[in-house]
Amino acid sequence: MQPSVAVIMGSASDRDVVAPAVAVLDEFGVARQWRVLSAHRTPDATATFVRQAEAEGVRVFLCAAGGAAHLPGVVAALTVRPVIGLPVRGASLGGLDSLLSIVQMPPGVPVATVGVDAARNAGLLAVAILALGDEELDARLRQFRARQAERVLSSGQDLEHPATGGARG
Ligand code: RP5
C-alpha cells in the first residue's frame, strides 16, 4: 500500500523515541514508511526523498530530531504537506534545544510541534490530519478517544473508598 505518512528521523539513535509514533500509525492501519535522513549530514538525500515522497502521495511528514533539530523545518521547506515535528531529548540540554529548534519556525513555513519525546501524540496528530478526509479513520479515532475517556473515568472510581487509599476525613 502507498504510504500516507513518511516518518523521518535524524539519526538511528532516535529510533526508540520514534517507535511509539510508528506503533500508533500501525494501530490505526495507516500505511507508513520510516527512514533515517539528516538535515545536516544528508541534505541532498533528504531533499530527494521528500520531493519523491510527496509526488508519490505522502500526505503527512512526521520528523524527529534532537539537538540542533533542523530536520522538521527543512522538510517543511521542501513540501506543502503538513509536517509534524517531534523534538528528541538530547544528552545535554534535556530536549529544550530540540523543542526550540523545531517550534520557532519563520512565518510562512509552519511545523506542528509536539512535546519532547511525545511520539505517541505525534502519531495521533498524523492520524487526526488524515481523518479529515477518511470517514473510517475518523470513526476509529473517535472510538479511541471514547475508550480513553472510559479508562480515565474508571481509574478514579476507587478514590472515594478509604480502604483502598482514597478520600479521607
Ligand atoms: C540529531 O542529532 C539526531 O536527530 C539525533 O537526535 C542527534 C544525535 O545524533 P547521533 O549523534 O546519535 O547520530 O541530528
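**Entry 1: S98 and helix α4**

I began with S98, which is buried, with a relative accessible area of 0%. I note at the outset that the model is predicted. I located S98 in helix α4, which covers residues 96-103.

I then asked which residues S98 is in contact with, leaving aside its neighbours within four places in sequence. I found A65, G66, G67, A69, P87, V88 and G90. Closer along the chain, I recorded a polar contact between the side chain of S98 and the side chain of D97, at 3.5 Å.

I next looked up which residues of α4 are buried, and I listed D97, S98 and I102. These residues lie on the same side of α4, because they cover an arc of only 120 degrees around the axis. I also asked what covers the buried residues of α4. The cover includes the strands β3 (60-66), β4 (83-88) and β5 (112-113), together with the helix α3 (71-78).

**Entry 2: L100 and the surface patch**

I turned to L100, which has its place in the same helix, α4. Is L100 buried, partly exposed or exposed? I noted a relative accessible area of 48% for L100, so the residue counts as partly exposed. I then found that L100 joins L96 and V103 in a nonpolar patch on the surface. Together these three residues have about 260 Å² of accessible area.

**Entry 3: S38 in a loop**

I looked up S38 and placed it in the loop between β2 (32-36) and α2 (43-55). S38 counts as buried because its relative accessible area is 9%, and the cut-off for buried is under 20%.

Which residues does S38 touch, once its neighbours within four places in sequence are left aside? I recorded contacts with G10, P43, T46 and L71. I also noted that the side chain of S38 reaches the backbone nitrogen of R41 at 2.8 Å. For a distance along the chain, I compared S38 with I8: the two are 30 residues apart in sequence, and their C-alpha atoms are 8.5 Å apart in space.

**Entry 4: D117 and its phi angle**

I located D117 in the loop between β5 and α5 (119-131). What is notable about the phi of D117? I read a value near 65 degrees, which is positive in a residue other than glycine. I set this beside the general rule that most residues other than glycine have a negative phi. D117 has 28% relative accessibility and therefore counts as partly exposed.

**Entry 5: D138 in helix α6**

I found D138 in helix α6, which is formed by residues 135-155. With a relative accessible area of 25%, D138 is partly exposed. I also looked up its separation from A128, which is ten residues away along the chain. The C-alpha atoms of D138 and A128 are separated by 7.4 Å.

**Entry 6: the whole chain**

I closed with the protein chain as a whole. How many helices and strands does it have? I counted six helices and five strands, in the order β-α-β-α-β-α-β-α-β-α-α along the sequence. The C-alpha trace spans about 65 × 40 × 30 Å along its principal axes.

I noted that 38% of the 169 residues count as buried. The chain exposes about 9,500 Å², and carbon and sulfur atoms supply 54% of that area. Finally, I looked at contacts between residues at least 6 apart in sequence, and 65% of these join residues at least 24 apart.

Notes. Residues numbered from 1 in each chain as written. Predicted model: local features only at pLDDT ≥ 70, side-chain atom pairs only at ≥ 80, totals over all residues. Heavy atoms only, no water. Patch = residues over 30% accessible without salt bridge, like charges linked within 9 Å, V, L, I, M, F, W, Y side chains within 5 Å. Areas by Shrake-Rupley, 256 points an atom, 1.4 Å probe, with all protein chains shown as cover. Salt bridge = Lys/Arg side-chain N within 4 Å of Asp/Glu carboxyl O. Helix = DSSP H or I, 4+ residues; strand = E, 2+ residues; numbered from the N terminus. Buried < 20%, exposed > 50% of the residue type's maximum accessible area, 1.4 Å probe, protein only. Arc of directions from axis to C-beta. Contact = heavy atoms within 4.5 Å. Polar contact = N/O pair within 3.5 Å; in protein donor to acceptor, adjacent residues only side chain to side chain.
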